[in-house]
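This report is meant to be read alongside the sequence and the model. It begins with one pair of strands and then turns to a barrel, two pockets and the chain as a whole.

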Amino acid sequence: MGSIEKLIENLQEKIDTFESEPEFSESGKVLSISDGIAKISGLSKCQSSEMLVFENGELGLALNIEADSIGAIILGGYSKIKEGQNVKRTKEILSIPVGEDFIGRVVDPLMNPIDAKGKIKEGNRFKIERTAPGVITRQSVSVPLQTGIKAIDAMIPIGRGQRELIIGDRQTGKSAIAVDAIINQKGQDVICIYVAIGQKQSKISKIANTLKESGAMDYTTIILASSSNNASLLYLAPYSGITLAEYFMSKGKDVLIIYDDLSKHAAAYREISLLLRRPPGREAYPGDVFYLHSRLLERACRLSQDFGGGSITALPIIETQAGDVSAYIPTNVISITDGQIYLDTSLFYKGIRPAISVGLSVSRVGSAAQIKSMKKVAGKMKLSMAQYRELESFAQFDSDLDVETKKILSLGSKMTELLKQSQYVPIKAEKQVCGIFAANNNYLEKVENDKIGDWESRFYQYLEDFKEKLLQDISSDWNEKIEKDLRGALEEFNSRYFNASK
């Protein structure tokens, strides 16, 4: 009898201490699945942004934490996920692998290689949602990040650690500016990350080939969430990009990151949010769409030397509809960034490329992000170009113009021709200084407008061949001697150029 009583006592003890909650909190079941969104029961201890594993091995990300269910997005294919299947917690917030081996590769937002170059060795893992560095850890932007584009480096300069928006209608050259900036970082000790969000694979393939041909893939990573991917990967792509950038910044390196483009990112987030039954607000975007981009772009900064001294420069791209910069998403991103480069459709169709509108473009960092010589030479250029654009529209109605107006129009037209630039041909800052100095000081007065491109390319070649020391001096300083030497070089070159053309 004693053994039976002991058995009953043991059973009673197990019944008393039995808890069903641990099982309920660690695993759940799929209540419904549609359009890449799963509603899951159970998982009562699930955290926001926690990775979940479905019965068939697919990964999910918990976004909605509700009283009686979890709303999760599927990171991959969802056709094999069915109602009633089990889902387990991983107890890990979503993280991605980071490391030096990602340089030169094309990867998806989960950092899986998609360039047929084999596996990437996995090193550290960083969480994709991280708090932006605080004010105390940062320092002001003062080191230029040269794009190689004359109009930008002279009038709308970008510094390391800055966030400069590239905005304009479809097919106005936004991506071309970003790719030029990447190509121009060759030899500048800057790591580049190009995040393609909702772009065609054919377009990104062309960009990858262009970067490879110019030697830029040696320091560039492309993260691709193509238009054929589901919305969850488009949503993750920029966060994966900035996480990889933060890894390099933590090593004290300078990083340039391109988001191409955040309009499609906002649309993907809207799609996810509406499927998750989040309440829509203005233009059907959820109320937290501003936070979506602000927490992303705030992570770009320049750290002080005490915290490693690295930097992340962000160039987000936004596509406008019929030039409407006052729409919801454009105004959001304009208010987050440190200025914008606005591309004007009418200028583009006039053949002025890059089609940068001087009046609507601005850099809130300004001349702090320019080399000394550029600061000196291009100081009043933005104002004179804006003045020229204003006068140009009036001049067509009045043939009787005073001498001063004719002078402004002549200089403006020559400067406009000088600022035209072919795609994927960035120009070093010291050469830009020489060209702008020539225009400002009437050395182009006798050059016909349609010959300015030819004059410029020959002048740069002349400087490379005969004035290498002068170019080195201009890149590091500006003084009376350098100015005198540059004037002498311009006079000598013009003498050769006009004699040769006779």
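Ser95 in strand β7 has Lys127 in β9 as its bridge partner. These two strands, with β9 covering residues 124-127, run antiparallel and are joined by four bridges, where strands count as paired if DSSP finds at least two bridges between them. Helices (H or I, at least four residues) and strands (E, at least two) are DSSP runs that are numbered from the N terminus. Strand β7, residues 95-98, is covered on both faces, since Ser95 and Pro97 on one side and Ile96 and Val98 on the other are all buried. Buried here means under 20% relative accessible area, exposed means over 50%, and partly exposed lies in between, with a 1.4 Å probe and protein chains only.

The model is a predicted one, in which local features need pLDDT of at least 70 and side-chain atom pairs count only at pLDDT 80 or more, while totals for chains, interfaces and linings use all residues. Residues are numbered from 1 along each chain as its sequence is written, and side-chain values use heavy atoms, with hydrogens and water left out.

Strands of a sheet pair through backbone hydrogen bonds, either parallel or antiparallel. A closed barrel of six strands follows the order β1-β2-β5-β4-β3-β6, with antiparallel pairing. On average, neighbouring strands of this sheet are turned by 45° against each other, direction ignored, with axes taken as lines fitted to C-alpha atoms (for helices over the stretch in contact) and angles running from 0 to 180 degrees between N-to-C directions. One of the pairs in detail is that of β2 (residues 37-42) and β5 (residues 70-74), which pair in the antiparallel sense over four bridges, and here Ile40 stands opposite Ile70 in β5.

The table sets out the two pockets. On a 1 Å grid over the protein atoms alone, a pocket is an open set of points with protein on both sides within 12 Å along at least five of seven lines, a cavity is a set of points where a 1.4 Å probe fits but cannot get out, and lining residues have an atom within 4 Å of a point. Grid points are joined across faces, edges and corners, and a volume is the space filled by probe spheres set on the points.

| Pocket | Volume | Lining by class |
|---|---|---|
| Largest pocket | about 790 Å³ | 10 nonpolar, nine polar and 11 charged residues |
| Second largest pocket | about 500 Å³ | 11 nonpolar, seven polar and four charged residues |

In these classes Ala, Val, Leu, Ile, Met, Phe, Trp, Tyr, Cys and Pro count as nonpolar, Asp, Glu, Lys and Arg as charged, and the others, Gly among them, as polar. For the largest pocket, the largest share of the lining, five residues, comes from α4. For the second largest pocket, the largest share, seven residues, comes from α13.

Helix α13 also holds Ser410, which is partly exposed because its relative accessible area is 35%. Ser410 and Tyr388 are 22 residues apart in sequence and 9.0 Å apart in space, C-alpha to C-alpha. Ser311, found in strand β14 (residues 311-319), counts as buried because its relative accessibility is 1%.

Taken as a whole, the chain comes to 17 helices and 16 strands, and 52% of its 502 residues count as buried. Its C-alpha atoms fill a box of roughly 125 × 50 × 45 Å, taken along the principal axes.
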